[in-house]
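Please walk me through this protein model, step by step. I would like to start at the ligand and then move out to the sheets and helices.

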Amino acid sequence: MMPFEGFPHVIQSQQFSISFLLELFRVANAIRSRPESYFGRLINRTVAILFDQPSSRTFASFVLACQRLGASVVPMEHMARFSSVAKGESLEDTVRMFLEYDVDYFIIRWHEEGSVARAAEVAGPEHPVINAGDGPGQHPTQALLDTYTIWREFYDLDRPIVVGIVGDLLNGRTAHSLAYLLGKLFPNVSFFFISPESARMKPAVIEYLHRHSRHLQEVTKPRLFELANAFDVLYMTRPQLEYHDDDEQRTALIELYKPFVLTPDIVEEMKPDAIILHPLPRTFELPAEIDTNPRARYFQQMGNGLWLRMALLERIENARISVLTENRNHEA
Ligand code: NCD
């Protein structure tokens, strides 16, 4: 039995079932309390980590997750400059190369939306491909760790939660993946999508949430102060300047986003048990003065990324083994 839609690949956050998510979170909790007892779960497995866009947390936590499960890792960073991609090689050919080297898993961050799904087609059903961010598309493992962080705070899935997501909601892949995933897991969630008019939430996400009858409101004015006491979760994100080439445009964008900064006086208006999240890296939208506020959870959120990614790899490996055994029994 396939544990989630699209198995073994992880491409978009809406592919997971609720039962898989809860199992994943349970395993992440178990790993964080006894990480050493999971060493060896990926022994004799090789993981290619292929990144052509900048990364600190996603890259490092995936490398550590693989190593702590006992896998060997081929870490390829800066691929746009320091690999054959710089000579014009495609991601698909890069995947073909690693298949010849008997690599088992692929973890890929690539600049173009849809590129990781194409890589998964090349890799085929025996080689899991995990999307670590496909341009302005999705970042499903970030959404998993964000949702794990929220779940650890609130546990009760039926509780009504109000989630504000702020920033570049058009290009911010973490915002897309999180909205899909929370929309799936929390039936009583309501969203405020807060952004400048030119960076409103991607229409496909809005359409999905409407289709699933989830409440949402788009706010294109900087009204954070007024809305502050409504939020249970406030998810800040940075303007995605890298998707705009010219310097003038970038300077104009920074001005556009300045009124959307989270200031300490806004935080004081928030409910005492509300939490502030950010996928990081932050720029000016989340000033360091907020770090010591008891509502700040973004550093714990970052730490959760390691346990969650270990759990995800462990669950996929576990399911791969049962699928392979099932197939073998079927053939015999
Ligand atoms: C995010 C990303 O790369 O999408 N970073 C991350 O993986 N934690 C967020 C961002 O870059 O804004």
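**Around the ligand**

A polar side-chain atom of R109 sits 3.1 Å from an oxygen atom of the ligand. Keep in mind that this is a predicted model. Q240 also reaches the ligand: an N or O atom of its side chain is 3.0 Å from a ligand oxygen atom. Q142 meets a nitrogen atom of the ligand instead, with an N or O atom of its side chain 3.2 Å away. How much of the ligand's accessible area does the protein cover? On its own the ligand has 320 Å² of accessible area, and the protein covers 93% of that. The surrounding residues include T58, H139, R173, T174 and R238. P279, L280 and P281 are also among them.

Stay with L280 and P281 for a moment. The peptide bond that joins them is cis, with omega near 5 degrees. P281 belongs to the loop between β9 and α12.

Now turn to the sheets. Strands in a sheet are held to each other by backbone hydrogen bonds, in a parallel or antiparallel sense. One open sheet here has 5 strands, with parallel pairing. Their order is β7-β6-β5-β8-β9. Which strands stand at the edges? They are β7 (215–219) and β9 (275–277). Each has a single partner strand, so one side of each lacks a neighbour in the sheet. On average, neighbouring strands of this sheet are turned by 15 degrees against each other, direction ignored.

Look at one pair in detail. β8, residues 233–236, pairs with β9 in the parallel sense over 3 bridges. In this pair, L234 stands opposite I276 of β9.

Helices pack on this sheet. Helix α7 (residues 173–185) touches β5 (161–166), β6 (189–194) and β8. The direction of α7 makes about 165 degrees with that of β6. Helix α8 (residues 203–211) packs on the sheet as well, touching β6 and β7. Between the directions of α8 and β7 the angle is about 150 degrees.

Another open sheet has 4 strands, again with parallel pairing. It runs β2-β1-β3-β4. β2 (72–76) and β4 (129–134) are its edge strands, and each pairs on one side only. From one strand to the next, the twist averages 10 degrees. β1 and β2 share 5 bridges in the parallel sense. I49 has P75 in β2 as its bridge partner. Helix α12 lies across β3 (105–110) and β4, and it runs at about 135 degrees to β3.

Next, the charged side chains. How many salt bridges does the model contain? The count comes to 21. One joins R26 and E23, whose closest N and O atoms are 3.0 Å apart. Both residues lie in helix α1 (residues 18–33). They are 3 residues apart, about one turn of the helix.

Last, some backbone details. Most peptide bonds are trans, and most residues other than glycine have a negative phi. F7 and P8 are joined by a cis peptide bond, with omega about 10 degrees. P8 is found in the segment before α1. N44 is not a glycine, yet its phi is positive, at about 70 degrees. This residue, N44, lies in the loop between α1 and β1 (46–51).

Terms used: Residues numbered from 1 in each chain as written. Predicted model: local features only at pLDDT ≥ 70, side-chain atom pairs only at ≥ 80, totals over all residues. Heavy atoms only, no water. Pairing = 2+ DSSP bridges. Helix = DSSP H or I, 4+ residues; strand = E, 2+ residues; numbered from the N terminus. Axes fitted to C-alpha atoms, helices over the stretch in contact; angles between N-to-C directions. Contact = heavy atoms within 4.5 Å. Near = heavy atom within 4 Å. Polar contact = N/O pair within 3.5 Å; in protein donor to acceptor, adjacent residues only side chain to side chain. Areas by Shrake-Rupley, 256 points an atom, 1.4 Å probe, with all protein chains shown as cover. Salt bridge = Lys/Arg side-chain N within 4 Å of Asp/Glu carboxyl O.
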